[in-house]
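These are my notebook entries from a session of looking things up in one structure. I wrote down each item as I came to it.

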Amino acid sequence: MPVIEIAGKQVHVNEEGFLTEYDEWSEDIAKVLAQQIDVDLTDEHWKVINFLRDDYKTEGESATTRRVQTVGGIPVKQQFVLFPKKPAKKMAYIAGLPKPKGCV
Amino acid sequence: MKQIVILGGGTAGTMVANRLVKFLPSDQWRITVVDQNNEHLYQPGLLLLPFGKYKPKDLMRERRDFLPKQVELILSNVLAVEPALNRVQLSGHEPVAYDYLIIATGTSPRPDQTPGMDDPSIWRNSVFDFYTLDGATALRDRLATWSGGRLVVHVTEMPIKCPVAPLEFAFLADAFLEERGLRDQVSITYVTPLEGAFTKPVASKQLGSMLEERSIALEPDFVIERVDPETKTLISMDEREVPFDLLVTVPLNMGADFLAGSGLEDELNYVKVDKGTMQSRSFDNVFALGDASDIPASKAGSVAHFSAEIFTENFVDLVQGKPMPRAFDGHANCFIESGKGKGLLIDFNYETEPLTGKFPWAGIGPLSLLKETRANHLGKLAFRWIYWHLLLRGRPIPIPALMSMSGKNPTTTN
């Protein structure tokens with residue numbers, strides 16, 4: 001796994017740039033990651049990101065858009081507004097979590 | 001006397017009942033299967049039924065005939081599972097207590113979960129599912145007289161039963177319409193919530209180019225919000241619109257309703273389990289096999305089969321008070337019908353994506369991975385016999401439970 005520097009910190013990422021170590025993430029890193037994919041972080045974005053971070057701690061996997069809706073209380077439609085086109089992937093990317101499983 | 005209760009007498013439930021009786025002495029273990037009816041449906045046949053390849057009666061057998069004699073079969077609806085009380089509530093029957101519970105109640109299409117999809121003005125008139133016998137039969141009748149227009153093949157949300165089936169449906173529809181001289185009067189669009197034709201890169205590339213070769217348009221990243229029954233249009237969360245004359249959809253798939261509120265389930269009513277042992281993450285004496293679990297593998301008969309094999313071997317250790325030493329790897333093995341008497345085969349697991357190569361023997365085959373061949377199509381047809389005679393009855397088949405890399409080409413050569 002490559003190591004790169006984000007916001008002055010060394011972090012491990014996979015070939016698609018997703019962070020691979022849960023504890024290497026920080027809010028500063030999230031801000032940089034969001035910038036890279038043209039997302040301006042607002043309080044509403046943070047609500048989603050914080051939900052994803054907490055949920056991952058108990059579940060061990062990245063929440064799906066459905067789970068963010070039913071458990072996190074943010075409707076899928078709103079997730080598309082916050083993270084256009086590919087919310088599941090973008091949310092996980094900024095939250096420093098693995099890309100949600102495609103469920104083959 | 002210890003009691004095992006298996007909920008669901010479908011592919012997974014039947015296989016595991018047949019395996020367990022081989023290992024557990026019948027004077028110490030009682031095994032009960034609960035299902036709502038006595039009809040066992042050969043589900044892979046539902047893909048071919050709409051094109052007139054099978055009749056409904058070709059796909060139906062009696063469940064009882066595939067269960068061992070010493071296994072009790074209760075025909076009843078499950079009302080509730082009470083894992084804290086080790087008990088199952090049934091409709092019109094005494095509650096059944098268990099020492100071990102195996103949930104194998106699968107997954108069901110739920111068109112009611114997408115606004116407008118099952119509107120009576122369009123449902124099974126211009127909107128069809130094909131994972132149910134009624135849906136596949138209604139679709140067959142519609143296709144028989146259809147004169148052309150916009151055909152849309154659609155997947156609502158992952159995970160779904162047999163994730164390659166909607167792609168196969170698109171390939172088969174293309175060949176079927178060409179045979180009937182209708183292909184130039186039909187546009188076909190494949191609408192999916194995934195980023196491409198399939199999830200994993202190598203297979204997605206191969207299957208994506210097969211869509212292109214057949215002039216099937218791809219609409220990726222489409223998360224549906226609703227169906228407009230009046231204009232016959234799919235509308236996505238980000239307000240894209242796909243109009244249709246004939247929609248063949250895979251509705252949202254969900255686990256059984258009785259799991260809601262049981263403390264065992266996720267938000268789609270799948271039982272949350274350890275992906276290696278299929279043991280419930282909240283109750284040690286509860287397991288889920290087949291489509292009913294939340295393991296990140298294909299919801300497919302092959303996965304049910306391989307995982308049931310691992311489960312049974314582990315279970316024999318578990319009941320002797322030993323740890324469960326084996327871990328399932330997510331092994332799946334799926335034929336993909338591509339039309340005109342050809343097919344592909346994919347073989348993969350949690351870690352290894354579907355790759356090209358030969359199967360099951362390196363260099364020999366006779367089957368080819370991720371490549372269209374006649375032999376793969378014949379394999380798919382032969383599979384119906386294998387299913388009824390070997391697989392369900394827990395007899396050995398020449399494919400190991402855990403995936404092998406033998407014969408597979410690593411990702412650089414595709």
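Entry one, a bridge partner. I looked up B:Ile224 and found that its bridge partner in E16(B) is B:Ser236. I keep in mind throughout that this is a predicted model. The two strands concerned are E15, residues 224-228 of chain B, and E16, residues 233-236 of chain B, and I noted that they pair in the antiparallel sense over 4 bridges. Between the strands of this hairpin there are 4 residues, and I recorded that B:Lys232 takes a positive phi near 50° there.

Entry two, positive phi on either side of the hairpin strands. I next went to the loop between strand E14 (216-219) and E15 of chain B, where B:Asp221 is found. Although B:Asp221 is not a glycine, its phi is positive, at about 50°. Is B:Asp221 buried or exposed? Neither word fits fully, because B:Asp221 has 19 C-beta neighbours inside 10 Å and so counts as partly exposed, while a buried residue would need 20 or more.

I then turned to B:Glu239, which is found in the loop between E16 and strand E17 (241-243) of chain B. This residue, also other than glycine, has a positive phi near 65°. I counted B:Glu239 as exposed, because 9 other C-beta atoms lie within 10 Å and the limit for exposed is 12 or fewer.

Entry three, a pair of helices. How do helix H1 (residues 11-23) and helix H5 (residues 301-318) of chain B lie relative to each other? I found that their axes come within 9 Å and cross at roughly 30°. Angles under 35 degrees count as roughly parallel, and therefore H1(B) and H5(B) are roughly parallel to each other. I also noted that H1(B) passes H5(B) in a right-handed crossing. On the side of H1(B), the residues making the contact include B:Met15, B:Val16, B:Leu20 and B:Phe23, and on the side of H5(B) they include B:Ala304, B:Ala308, B:Phe311 and B:Val316. Sorted by class, the contact has 9 nonpolar, 4 polar and 1 charged residues.

Entry four, cis peptide bonds. I looked up the peptide bond from B:Phe359 to B:Pro360 and saw that it is cis, with omega near -5°. B:Pro360 lies in strand E23, residues 357-361 of chain B. I also found a cis peptide bond joining B:Gly365 and B:Pro366, where omega is about 5°, and I placed B:Pro366 in strand E24, residues 365-369 of chain B.

Notes:
Residues numbered from 1 in each chain as written. Chains lettered and ligands numbered in written order. Predicted model: local features only at pLDDT ≥ 70, side-chain atom pairs only at ≥ 80, totals over all residues. Pairing = 2+ DSSP bridges. Axes fitted to C-alpha atoms, helices over the stretch in contact; angles between N-to-C directions. Parallel < 35°, antiparallel > 145°, perpendicular 65-115°, else oblique. Left-handed = near helix turned anticlockwise from the far one by under 90°. Contact = placed C-beta atoms within 7 Å. Nonpolar A, V, L, I, M, F, W, Y, C, P; charged D, E, K, R; others polar.
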